[in-house]
Amino acid sequence: MSSSPAEVHPVDQRPPLPKLTLLGLQHMSIMYAGSVAVPLVVGSALKLDAATIALLVNADLLVAGIATLIQAIGIGKLFGVRLPVVAGATFTVVNPMIMIASQYGMQAVYGAMLASGVFGLLIAKPFAKMIRFFPPLVSGTLLVVIGISLLGPGVGLIAGHDTEAPDYARPANIALAFGVIAVIILFTRVLRGFANQIGPLLALVIGLVAAIPMGLVSFKGVADADWFGLASPFHFGPPTFPIAAVLSMCVVMLVTYTESTADLVAVGEITGRPPTDSDLARGLATDGLSAILGGAMNSFPDTAFAQNVGLVRMTGVRSRWVVAMAGGLLVLMGLVPKVGAFVSAVPEPVVGAVAVVMFAMVAVVGVQNLKKVEFSGNHNTFIVAVSFGVGLLPAFSTNRFGSSIFFQHFPSWLQTICGSPITVAAIVAFTLNLLFNHLGKRREPDLLKAP
């Protein structure tokens, strides 16, 4: 006897095609700026020409779309967490890619990426077994740090990426962003049903329209873009595999897995389908697969995007098929540059306004996780406090472009690990949880006893 529609879990429900398309477009619009920022930053730092940077952007969108489709739909028992997870290029890879390219060339970048993808596939299942060491104490702490640390890039989208630029923090840009946030608040308060679910997308559209008379919108890129474009594999030549480069990218993979684990656990909590060890292993393996695809297609490793986790929480739309639609749209953008150019015409202050709300929602999910933790008569308060304090140090020590400089005088491999506040917080929270809650007999601390 077949299951009635009411018995289908919300994660597996498929909205009608018109709703599916709009909700998928909303997910894609939320993550677009963050995803293409990686190829733009890497391309600019390496002084690549405009055509090559455009090639990197298209490849990035294509691989992100494929990874998103796999995460949502799955491939047998091998890949895909089968939750509403949007994949996008991880910022963790930016500094290592720039350093590797400067020393060994782009062929080494993509050779190291291929090797790290294979490494990721090999360790996905063992890494997933560690999920029991990510209780709400650890996962909640990580999610709060993720949400707070990502507000920095959100500020960059709204105010500008160079604090010393003459037009940094233009009042017009800030006013536009605050106006978009006000629209989101209004729609969340007054709209109901499906209209409420697409409130962030409607706010993006209204922000785009409002930005046109402000001179912040240009569709010239749409006219200049090609209708079809796909970079040939190994555009920069046959890959090479310098040991130092490979080790650096393998460290990036470990960092990516740490971030993805927190996001996958959060999506499971939000949707009411917590991932099992096997689910998590398939989700992480998809990140590894994305590095292999990225190495071959001149792209980047992907991770679960936190802003889309926040969107799931905000809208309550839990269907993985909505995310699959977003993945399909990303693939389309990767193959049809004109589509990507149109979406990229949305001004950064508009995208940033929606993004900061989504990032903050991730932090709120973390707070909700921490509410499940027992803080009386143990060291958990201390663990959270130290994890926040140490983990967020890199986020508050940045250069004029917003890049962390806290560990700038340390070896490059340590910068790769500790340049991300998320990774630092993960290491500290994970270690302290083991030390105080798993290793040896716990002693009740006198200072935290109730009076």
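**Aromatic pairs, a helix crossing and two positive phi values**

F406 has a relative accessibility of 37%, so it counts as partly exposed. In this predicted model, F406 is one half of an aromatic pair, and its partner is F407. The two rings meet edge-to-face, with their centres 5.0 Å apart and an angle of 75° between the planes. F407 sits on the other side of the burial cut-off: its relative accessibility is 17%, and buried means under 20%, so F407 counts as buried.

The structure holds seven aromatic pairs. Another one of them joins Y110 and F236, and this one is stacked, at 5.9 Å centre to centre and with 10° between the planes. Y110 belongs to helix α4, while F236 is in the loop between α10 (220-224) and α11 (243-271), so the pair ties together parts that are 126 residues apart in sequence. As for burial, Y110 counts as buried, at just 3% relative accessibility. F236, at 22%, counts as partly exposed.

Aromatic rings also come together around F133. Along with F134 and F430, F133 makes up one aromatic cluster. F133 is found in the loop that links α4 (106-128) to α5 (136-149). Despite that loop position, F133 is buried, because its relative accessible area is 16% and the cut-off for buried is under 20%. What does F133 touch, once its neighbours within four places in sequence are set aside? The contacts are V138, F430, N433, L434 and H438. F430 thus turns up both in the contact list of F133 and in the aromatic cluster. G402 is another matter: 269 residues separate it from F133 in sequence, and the two C-alpha atoms are 32 Å apart in space.

Just after that loop comes α5 (136-149), which packs against helix α16 (residues 348-370). The two axes come within 7 Å and cross at roughly 160°. Angles over 145 degrees count as roughly antiparallel, so that is how α5 runs relative to α16. The crossing is left-handed. On the α5 side, the contact is made by P136, L137, S139, G140, T141, L143, V144, I146, G147 and I148. On the α16 side, the residues are F359, V362, A363, V365, G366, V367, N369 and L370. Sorted by type, the residues of this contact come out as twelve nonpolar and six polar, with no charged ones.

Backbone angles bring up two further residues. Most residues other than glycine have a negative phi. A169, however, has a phi near 60°, a positive value in a residue that is not glycine. A169 lies in the loop between α6 (151-159) and α7 (171-190). With a relative accessibility of 28%, A169 counts as partly exposed.

N298 is the other case to mention, with a positive phi near 65°, again in a residue other than glycine. The loop that holds N298 runs between α12 (277-297) and β2 (302-304). Is N298 buried or exposed? Its relative accessibility is 1%, so N298 counts as buried.

Methods. Residues are numbered from 1 along each chain as its sequence is written. This is a predicted model: local features need pLDDT of at least 70, side-chain atom pairs count only at pLDDT 80 or more; totals for chains, interfaces and linings use all residues. Side-chain values use heavy atoms; hydrogens and water are left out. Helices (H or I, at least four residues) and strands (E, at least two) are DSSP runs, numbered from the N terminus. Buried means under 20% relative accessible area, exposed over 50%, partly exposed in between (1.4 Å probe, protein chains only). Contact means heavy atoms within 4.5 Å. Axes are lines fitted to C-alpha atoms, for helices over the stretch in contact, and angles run from 0 to 180 degrees between N-to-C directions. Angles under 35 degrees count as roughly parallel, over 145 as roughly antiparallel, 65 to 115 as roughly perpendicular and the rest as oblique. A crossing is left-handed if the near helix is turned anticlockwise from the far one by less than a right angle, and right-handed if clockwise. Ala, Val, Leu, Ile, Met, Phe, Trp, Tyr, Cys and Pro count as nonpolar, Asp, Glu, Lys and Arg as charged, and the others, Gly among them, as polar. Rings of Phe, Tyr and Trp (its six-membered ring) pair if their centres lie within 6.5 Å; planes under 30 degrees apart count as stacked, over 60 as edge-to-face and the rest as tilted.
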